[in-house]
Amino acid sequence: MRIAVTGSIATDHLMTFPGRFADQFVADQLHTVSLSFLVDNLDVRRGGVGANIAFGMGQLGTEPILVGAAGSDFDEYRAWLDRHGVDTNSVRISETLHTARFVCTTDADHNQIGSFYTGAMSEARLIELKTVADRVGGLHLVLIGADDPEAMLRHTEECRTRAIPFAADFSQQIARMGGDEIRILLDGATYLFSNEYEKGLIESKTGWTDEEILSKVGHRVTTLGSRGVRVERQGEDPIEVGCPEEERKADPTGVGDAFRAGFLSGLAWGVSLERAAQVGCMLATLVIETVGTQEYQLRRAHFMDRFTKAYGHDAGEEVRAHLG
């Protein structure tokens with residue numbers, strides 16, 4: 001099963017300032033702020049929802065096709081993804097713009113000052129999915145993740161036109177989208193992904209009830225934080241899956257992306273929706289135990305031991321057959 005993952009490709013540049021931002025501001029000079037903070041360290045992490053999801057699928061051996069836009073500075077990141085089982089041959093490389101970048105400084109009180117440079121991400125709207133499909137011999141599913149908004153709309157319309165099943169996943173872009181855009185992006189989706197808060201926001205912005213949205217998508221997949229996930233389909237009982245026990249909680253960043261990677265990998269294997277959700281929850285647990293969205297290691301024996309402990313022997317044997 002060939003799955004294309006569209007979405008942002010970015011790097012995070014995270015710095016720590018040992019003092020307090022508040023101590024540096026002069027009340028009557030806020031209209032002319034000019035400050036420079038001497039930071040203690042710099043942590044550069046690979047990120048972007050498209051790349052995060054594709055990385056997780058690559059770890060599970062399902063060979064995802066990453067579709068997005070990056071800059072000429074993408075070579076090292078590309079090599080990392082290629083090495084971890086991701087097909088990066090459909091990533092567009094901008095001739096003029098750098099890869100999207102989030103730069104953030106955090107002070108001793110955990111206040112943050114950050115900037116997001118969209119850069120090459122704006123060129124994702126120029127990518128045609130037909131070119132991707134022709135290269136790999138057709139697509140069975142396209143995940144349309146958070147990206148340049150115009151790219152998300154174009155990919156959705158092309159999936160409808162070419163009868164390619166797609167999954168809608170607005171993620172952080174939902175905050176800037178209006179009801180009309182959200183209606184376009186979710187109508188006819190085979191899967192609609194969101195967390196609980198985003199679920200309410202989708203209903204509020206579209207003016208559609210939960211039942212109305214269920215009538216317009218094949219499956220509604222809602223992550224519930226520490227309570228796991230719920231998968232719904234109109235006219236059927238919901239499927240609810242809990243999370244495995246955490247060994248520690250290091251960093252929640254990228255947990256939602258990891259769940260999607262596991263769930264989509266389950267679909268690629270052809271297992272049930274319940275089993276796919278369980279794989280997603282297990283992978284998400286590995287991410288929450290690690291600092292960084294792509295810094296976890298998937299050790300097969302360790303993964304299967306924990307998966308079997310959480311979901312039982314039969315579930316473990318079924319997944320073991322697919323996990324290379």
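Visitor: How many bridges join strand S6 to S7?
Guide: Keep in mind that we're looking at a predicted model. Strand S6 covers residues 100-106, and S6 and S7 run antiparallel. The number of bridges joining them is six.

Visitor: Which residue in S7 stands opposite cysteine 104?
Guide: Cysteine 104 has a relative accessible area of 2%. Buried means under 20%, so cysteine 104 counts as buried. Across from cysteine 104, in S7, stands glycine 114.

Visitor: In what order do the four strands of that open sheet line up?
Guide: Look at the edges to begin with: strand S3 (41-47) and strand S7 (112-117) each pair on one side only. The pairing in this sheet is mixed, and its neighbouring strands are turned by 15 degrees against each other on average, ignoring direction. Read across, the order is S3-S2-S6-S7.

Visitor: There's another open sheet, with nine strands, so which strands sit at its edges?
Guide: The order here is S5-S4-S1-S8-S9-S10-S11-S12-S13, again with mixed pairing. An edge strand pairs on one side only, and that picks out strand S5 (87-93) and strand S13 (239-241).

Visitor: Where does tyrosine 191 find its bridge partner in S11?
Guide: Strand S10 takes in residues 191-195 and strand S11 takes in residues 219-223. The two pair in the parallel sense over five bridges. For tyrosine 191, the bridge partner in S11 is histidine 219.

Visitor: Which aromatic cluster does Tyr191 belong to?
Guide: Let's start from one pair: phenylalanine 259 and phenylalanine 263 both lie in helix H8 (residues 255-269), four residues apart, or about one turn of the helix. Both of these phenylalanines are buried. The cluster is made up of Tyr191, Phe193, Phe259 and Phe263.

Visitor: Are the rings of phenylalanine 259 and phenylalanine 263 stacked, tilted or edge-to-face?
Guide: This is one of eleven aromatic pairs in the count. The ring centres are 5.8 Å apart, with 35 degrees between the planes. Stacked needs under 30 degrees and edge-to-face needs over 60, so this pair counts as tilted.

Visitor: What distance separates the closest N and O atoms of arginine 162 and glutamate 128?
Guide: The whole structure holds 25 salt bridges, found by a search. A salt bridge calls for such a nitrogen and oxygen within 4 Å. Arginine 162 and glutamate 128 form one, with their closest N and O atoms apart by 3.1 Å.

Visitor: How many residues apart in sequence are the parts that arginine 162 and glutamate 128 tie together?
Guide: Arginine 162 lies in the loop between helix H4 (149-161) and strand S9 (166-169), while glutamate 128 lies in the loop between S7 and helix H3 (129-136). Arginine 162 is partly exposed at 36% relative accessibility, and glutamate 128 is partly exposed at 30%. The salt bridge therefore ties together parts whose separation in sequence is 34 residues.

Visitor: Is lysine 199 buried or exposed?
Guide: Lysine 199, in helix H6 (residues 196-206), forms a salt bridge with aspartate 210 in helix H7 (residues 210-214). Aspartate 210 has 23% relative accessibility, so it counts as partly exposed. Lysine 199 comes in at 14%, and the cut-off is under 20%, so lysine 199 counts as buried.

Visitor: Which residues are joined into one network by salt bridges that share partners?
Guide: You've already met the pair of aspartate 210 and lysine 199, with closest N and O atoms 3.6 Å apart. Counting shared partners, the network is Lys199, Glu203, Asp210 and Arg220.

Visitor: How many disulfides are there?
Guide: Try cysteine 243, which is partly exposed, with a relative accessible area of 36%. Its closest cysteine sulfur is in cysteine 281, 4.4 Å away, and a disulfide needs sulfurs within 2.5 Å, so this is too far for a bond. The disulfide count for the structure comes to zero.

Visitor: Which charged residue lies over the face of tryptophan 80?
Guide: For a charge over a ring, you can also look at lysine 216, which lies over the face of tryptophan 208 at 4.5 Å from the ring centre. At tryptophan 80, the distance to the ring centre is 3.8 Å, and the residue is arginine 46.

Notes:
Residues numbered from 1 in each chain as written. Predicted model: local features only at pLDDT ≥ 70, side-chain atom pairs only at ≥ 80, totals over all residues. Heavy atoms only, no water. Pairing = 2+ DSSP bridges. Axes fitted to C-alpha atoms, helices over the stretch in contact; angles between N-to-C directions. Salt bridge = Lys/Arg side-chain N within 4 Å of Asp/Glu carboxyl O. Buried < 20%, exposed > 50% of the residue type's maximum accessible area, 1.4 Å probe, protein only. Phe/Tyr/Trp six-rings, centres within 6.5 Å; stacked < 30°, edge-to-face > 60°. Lys NZ or Arg CZ within 6 Å of the ring centre and 35° of its normal.
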